[in-house]
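The following exercises train the reading of a protein model, step by step. Please study the sequence and the structure before attempting each task.

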Amino acid sequence: MTRQYVDCREFPSDMNCSVAIAADTDQELLEAAVQHAVAVHHHEDSPELRQQIRQLFKEGTPPMAVSRKQPA
Ligand SMILES: [Zn+2]
């Protein structure tokens, strides 16, 4: 399976979170990302949250630098 990642730097964040999480399986990545979202971003673990996080997955590994999207 292709390595996948989610990168907090791509999203507007109150705390300017710079964490990126990568894993070899989407299940591992989802678990790690959910734990991060709950612990750091105070989201509630729910099927909806997991669904949203899955949509943020990207193939490959996190790049060295990412320009953060500005809040609309
Ligand atoms: Zn984060």
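Three exercises with worked solutions follow, and they concern a predicted model.

**Exercise 1. The sheet**

Task: Determine in what order the strands of the open sheet lie, and which strands form its edges.

Solution.
Step 1. The open sheet has 3 strands, and their pairing is antiparallel.
Step 2. Strand β1, residues 4–7, is joined to β2 by 4 bridges. Within this pairing, Y5 has A22 as its bridge partner in β2, while Q4 stands opposite A23.
Step 3. Strand β1 also pairs with β3 in the antiparallel sense, here over 2 bridges. The partner of Y5 in β3 is K58.
Step 4. The order is therefore β2-β1-β3, since two strands pair if at least two bridges are found between them. The edge strands are β2 (20–23) and β3, each of which pairs on one side only.

**Exercise 2. The helices and the covered face**

Task: Describe how helix α1 is placed against the sheet and against helix α2.

Solution.
Step 1. Helix α1 packs on the sheet, where it touches β1 and β2. The direction of α1 makes about 155° with that of β2.
Step 2. In a regular strand, side chains alternate between the two faces of the sheet. In β1, the covered face holds Q4 and V6, whereas Y5 and D7 belong to the uncovered face.
Step 3. The axes of α1 (residues 26–41) and α2 (residues 47–54) come within 10 Å and cross at roughly 115°. This crossing is right-handed.
Step 4. On the side of α1, the contact is made by L30, A33, V34 and A37; on the side of α2, by L49, R50, I53 and R54. These residues comprise 6 nonpolar and 2 charged ones, with no polar residue.

**Exercise 3. The surroundings of P62**

Task: Is P62 buried, partly exposed or exposed, and which residues does it touch?

Solution.
Step 1. P62 is located in the segment that follows β3 (58–59).
Step 2. P62 has 18 C-beta neighbours inside 10 Å. A residue is buried at 20 or more such neighbours and exposed at 12 or fewer. P62 therefore counts as partly exposed.
Step 3. Residues up to four places away in sequence are left out of the list of contacts; with these set aside, P62 touches Y5, D7, A20 and A22.
Step 4. Sequence separation and spatial distance may now be set side by side. P62 and V19 are 43 residues apart in sequence, and their C-alpha atoms are 9.7 Å apart in space.

Note on methods. Residues numbered from 1 in each chain as written. Predicted model: local features only at pLDDT ≥ 70, side-chain atom pairs only at ≥ 80, totals over all residues. Axes fitted to C-alpha atoms, helices over the stretch in contact; angles between N-to-C directions. Left-handed = near helix turned anticlockwise from the far one by under 90°. Contact = placed C-beta atoms within 7 Å. Nonpolar A, V, L, I, M, F, W, Y, C, P; charged D, E, K, R; others polar.
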